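User: I would like to learn how to read helix packing, salt bridges and burial from a set of coordinates. Could we go through one case step by step?

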Amino acid sequence: MLPRILRTLRKGEPPGKNRMSENTVRELVITEGVRIPLAELRYQFVRSSGPGGQHVNRSATQVELTFDLAGSPSLDDAQKARAIAALKSYVDKAGVLHLASQASRSQLYNREDVTTRFVELMRRALRVPKKRRPTRPTAGSEERRLESKRRRSRVKHERRFTPTD
């Protein structure tokens, strides 16, 4: 089953046949204000590694997704800076994001997987953290903290060696 972001149907297509296609999905919805056209994503297909016999040696099912994060017209400068900082392990020196998927033997499933991972990573990277509002401790918590400090001080004071005359 496709993720919610990629689920669209062509006209007249039955509900069970909703596969991702260039004809159906034109852009990826990252957040309410951020949409990235599929034309900005580059997919490259290479041979997967690992076991699989002749199939893995002859078919290019691993999908490598690249996205020019630094040069994308879909993101403003603040969003680019936030995404590059958050995804620095995926971004090269030129500001290009690289993701790969070889989870399945199917090129289509790997493409859907890497696209879904891209959307989730971008959502997390573009999320603006809430500003912390400093709060004062309550009177009760302050009193409990001071009481425990007094108690601990008393215990340590009682442990001291006091010479008796």
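Analyst: The turns below take up helix packing, then salt bridges, then two residues of one helix. Keep in mind that this is a predicted model.

User: Let us start with packing. At roughly what angle do the axes of helix α2 and helix α3 cross?

Analyst: The general idea is to compare the two helix axes. Here α2 covers residues 77-86 and α3 covers residues 107-126; their axes cross at roughly 110 degrees and come within 8 Å.

User: How is that angle put into words for α2 and α3?

Analyst: Angles of 65 to 115 degrees count as roughly perpendicular. The helices α2 and α3 are therefore roughly perpendicular to each other. As for its hand, the crossing of α2 and α3 is right-handed.

User: Which residues of α2 and α3 meet?

Analyst: From α2 come Gln79, Arg82, Ala83 and Ala86, and they meet Met122, Ala125 and Leu126 of α3. By class, the residues of this contact are five nonpolar, one polar and one charged.

User: Now the salt bridges. How many does the structure hold?

Analyst: The structure holds six salt bridges. A useful way to read each one is to take the distance, then the place in the chain, then the exposure of the partners. One of them joins Glu27 and Arg35, whose closest N and O atoms are 3.3 Å apart.

User: Are Glu27 and Arg35 buried, partly exposed or exposed?

Analyst: Partly exposed is the class between 20% and 50% relative accessible area. Glu27 has 36%, so this residue is partly exposed. Arg35 has 42% relative accessibility and therefore also counts as partly exposed.

User: What separates Arg123 and Glu120 within helix α3?

Analyst: Arg123 and Glu120 are three residues apart in α3, which is about one turn of the helix. Their side chains meet in a salt bridge, with an N to O distance of 3.1 Å. Glu120 has a relative accessibility of 34% and counts as partly exposed.

User: Where do Arg145 and Glu142 lie, and how far apart are they in sequence?

Analyst: Both are in helix α4, residues 139-159; because they are three residues apart there, about one helical turn separates Arg145 and Glu142. The salt bridge between their side chains has an N to O distance of 2.8 Å. Arg145, at 40% relative accessibility, counts as partly exposed, and Glu142, at 28%, also counts as partly exposed. Elsewhere, Glu143, Glu147, Arg150 and Arg154 are joined into one network by salt bridges that share partners.

User: Last, burial. Is Asn110 buried or exposed?

Analyst: The cut-off needed is that buried means under 20% relative accessible area. Asn110 has 0% relative accessibility, so this residue counts as buried. Asn110 is found in helix α3. The next step is to list what surrounds such a residue.

User: Which residues does Asn110 touch, not counting those up to four places away in sequence?

Analyst: Asn110 touches Thr61, Gln62 and Val63, and also Ser101, Gln102, Ala103 and Ser104.

User: What can be said in the same way of Val114?

Analyst: Val114 is found in helix α3. With a relative accessible area of 0%, Val114 is buried. Apart from neighbours within four places in sequence, Val114 is in contact with Tyr43, Val63, Leu65, Leu99, Ala100 and Ser101.

User: How far is the C-alpha atom of Val114 from that of Gln62?

Analyst: The separation is 9.7 Å, although Val114 and Gln62 are 52 residues apart along the chain.

Conventions:
Residues are numbered from 1 along each chain as its sequence is written. This is a predicted model: local features need pLDDT of at least 70, side-chain atom pairs count only at pLDDT 80 or more; totals for chains, interfaces and linings use all residues. Side-chain values use heavy atoms; hydrogens and water are left out. Axes are lines fitted to C-alpha atoms, for helices over the stretch in contact, and angles run from 0 to 180 degrees between N-to-C directions. Helices (H or I, at least four residues) and strands (E, at least two) are DSSP runs, numbered from the N terminus. Angles under 35 degrees count as roughly parallel, over 145 as roughly antiparallel, 65 to 115 as roughly perpendicular and the rest as oblique. A crossing is left-handed if the near helix is turned anticlockwise from the far one by less than a right angle, and right-handed if clockwise. Contact means heavy atoms within 4.5 Å. Ala, Val, Leu, Ile, Met, Phe, Trp, Tyr, Cys and Pro count as nonpolar, Asp, Glu, Lys and Arg as charged, and the others, Gly among them, as polar. A salt bridge is a side-chain nitrogen of Lys or Arg within 4 Å of a carboxyl oxygen of Asp or Glu. Buried means under 20% relative accessible area, exposed over 50%, partly exposed in between (1.4 Å probe, protein chains only).
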